[in-house]
Amino acid sequence: MADIIAFKRPRASEKHRGKSLCRHGHHKWEIDRERVFDSKQGRLATRYRCARCGKTRVKAH
């Protein structure tokens with residue numbers, strides 16, 4: 001027989017966890033491993049992605 005999995009709806013606090021920090025500018029920046037280095041105006045640039053909301057930013061060195 002198949003295993004029966006109990007589904008429960010996530011609470012609102014679990015569903016929106018960490019998003020209020022990003023709304024106030026407190027992102028959790030991590031280096032984007034898919035495109036580690038980008039060429040921007042002839043210089044190397046590192047691409048960062050927020051772990052919580054997915055927003056990206058590029059920082060030139």
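**Exercise 1. How many disulfides does the structure hold?**

Solution.
- Note first that this is a predicted model.
- Apply the cut-off: two cysteine sulfur atoms must lie within 2.5 Å.
- Take cysteine 50. Its closest cysteine sulfur belongs to cysteine 22, at 3.6 Å, which is too far for a bond.
- Take cysteine 53. Its nearest cysteine sulfur is that of cysteine 50, 3.6 Å away, and cysteine 53 is in no disulfide.
- Result: the structure holds zero disulfides.

**Exercise 2. Classify cysteine 50 and cysteine 53: buried, partly exposed or exposed?**

Solution.
- Use the cut-offs: buried is under 20% relative accessible area, exposed is over 50%.
- Cysteine 50 has 3%, so this residue is buried.
- Cysteine 53 has 42%, so this residue counts as partly exposed.

**Exercise 3. Find the salt bridges and trace which parts of the chain they link.**

Solution.
- Start with the total. The whole structure has two salt bridges.
- Bridge one pairs the side chains of arginine 47 and aspartate 32, at 3.8 Å from N to O. Arginine 47 sits in strand E3 (residues 43-50), and aspartate 32 in the loop between strand E1 (29-31) and strand E2 (37-40), so the pair ties together parts 15 residues apart in sequence.
- Bridge two pairs aspartate 32 with arginine 49, at 4.0 Å from N to O. Here the loop between E1 and E2 is linked to strand E3, 17 residues apart.
- Combine them. Shared partners join Asp32, Arg47 and Arg49 into one network.
- Check burial. Aspartate 32 is buried, at 8% relative accessible area. Arginine 49 is partly exposed, at 33%.

Conventions
Residues are numbered from 1 along each chain as its sequence is written. This is a predicted model: local features need pLDDT of at least 70, side-chain atom pairs count only at pLDDT 80 or more; totals for chains, interfaces and linings use all residues. Side-chain values use heavy atoms; hydrogens and water are left out. Helices (H or I, at least four residues) and strands (E, at least two) are DSSP runs, numbered from the N terminus. Buried means under 20% relative accessible area, exposed over 50%, partly exposed in between (1.4 Å probe, protein chains only).
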